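Hi,

Here is the structure I promised to pass on. Have a look at it first, and then read on for what turned up.

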Amino acid sequence: MTSITSPIDNHLTDELYEFWDRIFGGQHDIPPGAFRDDEIADNRYDVYFERREDHIVATCNILASHDLPTLGGLGEVATDPAHRRQGLATRLCQRALTDFGKRGGEALFLGTENWSAACLYHRLGWRKLAGSNVMVYVTSRESPESFLLEYFRRPSRVTIKAGGPFLRIPLIPLLNTPHDWLVLDVNAQMVSTRYQTQTSCNSLYR
C-alpha cells in the first residue's frame, strides 16, 4: 500500500485518472488539477493506492479543507475488476480512516448509490444520512444526527466572501442537513433534503 499527499506529480495524476476513467467511465468528483497544485492553498488530498505488477489496482482518497481539517470527504474508492474480493478496498479505507483520525478528523463523508458498496462502508462504521445518498463516519462513534446537531451549535465567526474550492468540504454537512427552506440556492439548484434526495458529496462544489 502506498499513500501520497498533494501536490501529486503529473505522471502519477495521469495514471490515477486513467485508472479512474476505466472504473467510473470518465465521471469524476474532482478535476485533475486539484490533485496537482491548483488547490494547494485550500485543500489537502491524500491518495491511497495498491499496485500489482507496476499497475494501480485499487485506490481511495481523502479530501480535507485546510480551514476545517476536522471534516473530510472520502472518494475514488475503486478496485480493478480482476482484483476484487481480495479486501483491497477495505484495507485502503481502513488506513485512510486511521490517518484521518490521527490528524484530528471528526467526520468523514462519502457519497454512493451502489448498494454493495454501501454495505462495505456500513461494516466499516459509516452511517447513511437521511434524505441523501451520503454516508458519514464519525470518529467519536456518536450518531451522525447527534454530531451534526452539535457541529452547527458551535459558536463561530461569520464571514462573507467569494466562493472557491475551500468550500468543497464545508458544503457537505450544510447541504445534507435538513432545512425548513425548500430552495437553498436557486442558481445551483440546491434543495433541502427535506424535499429532495441529495445525490452529491465531494462534487457539491461545482
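Which residues in helix α5 (residues 144-153) are buried? This is a predicted model, and in it the answer is P144, F147, L148 and Y151. Looking down the axis of α5, you'll find its buried residues within an arc of 95 degrees, so they line one face of the helix. As for what sits over them, the cover includes four strands, β4 (71-79), β5 (107-111), β6 (127-128) and β7 (134-138), along with helix α6 (171-175).

Now the overall picture. The protein has six helices and nine strands. Its radius of gyration is 17 Å, close to the 17 Å that the globule rule gives for 206 residues, so the protein is as compact as a globular protein of that length. If you want box dimensions, the C-alpha trace spans about 50 × 35 × 30 Å along its principal axes. Buried residues account for 46% of the 206. The accessible surface comes to about 11,100 Å², and carbon and sulfur atoms own 50% of that. On the contact side, take pairs of residues at least 6 apart in sequence: 59% of those contacts join residues at least 24 apart.

On to the inside. In soluble globular proteins, nonpolar side chains tend to be buried together. Here the largest nonpolar core has 33 residues, and the members that touch the most others are W20, I30, F35, L71, F109, F147 and I172. The largest share of this core, five residues, comes from α1. Apart from it lies another core, of 23 residues, with A58, C60, A96 and L97 among them. You'll recognise F147 from the buried set of α5; it is also one of those well-connected members of the largest core.

F35 is worth a click too. Setting aside neighbours within four places in sequence, F35 is in contact with S6, P7, I8, T13, Y17, W20, I30, Y45, V47 and N61. Two of the names there, W20 and I30, appear with F35 among the core members that touch the most others.

That list also brings us to the backbone oddities, as S6 and P7 are both contacts of F35. Most residues other than glycine have a negative phi, and most peptide bonds are trans. The peptide bond from S6 to P7 is cis, though, with omega near 5 degrees. P7 itself is placed in the loop between β1 (2-5) and α1 (10-24).

Where do E53 and D54 come in? E53 is in the loop between β2 (43-52) and β3 (55-65), and D54 lies in the loop between β2 and β3 as well. Neither is a glycine, yet E53 has a positive phi of about 55 degrees and D54 has one of about 65 degrees. E53 is exposed, with a relative accessible area of 77%. D54 has a relative accessibility of 61%, so it counts as exposed too, the cut-off being over 50%.

One last residue: is S192 buried or exposed? With 0% relative accessibility, S192 counts as buried. You'll find S192 in the segment after β9 (190-191). Beyond its neighbours within four places in sequence, S192 is in contact with P178, H179, W181, L182 and L184.

Cheers

Notes. Residues are numbered from 1 along each chain as its sequence is written. This is a predicted model: local features need pLDDT of at least 70, side-chain atom pairs count only at pLDDT 80 or more; totals for chains, interfaces and linings use all residues. Side-chain values use heavy atoms; hydrogens and water are left out. Helices (H or I, at least four residues) and strands (E, at least two) are DSSP runs, numbered from the N terminus. Buried means under 20% relative accessible area, exposed over 50%, partly exposed in between (1.4 Å probe, protein chains only). Contact means heavy atoms within 4.5 Å. The arc is that of the directions from the helix axis to the C-beta atoms. A nonpolar core is a set of buried Ala, Val, Leu, Ile, Met, Phe, Trp, Tyr and Cys residues joined through side-chain atoms within 4.5 Å. The radius of gyration is taken over C-alpha atoms; the globule rule is 2.2 Å times the number of residues to the power 0.38. Accessible areas come from the Shrake-Rupley method with a 1.4 Å probe; for residues, only the protein chains shown count as cover.
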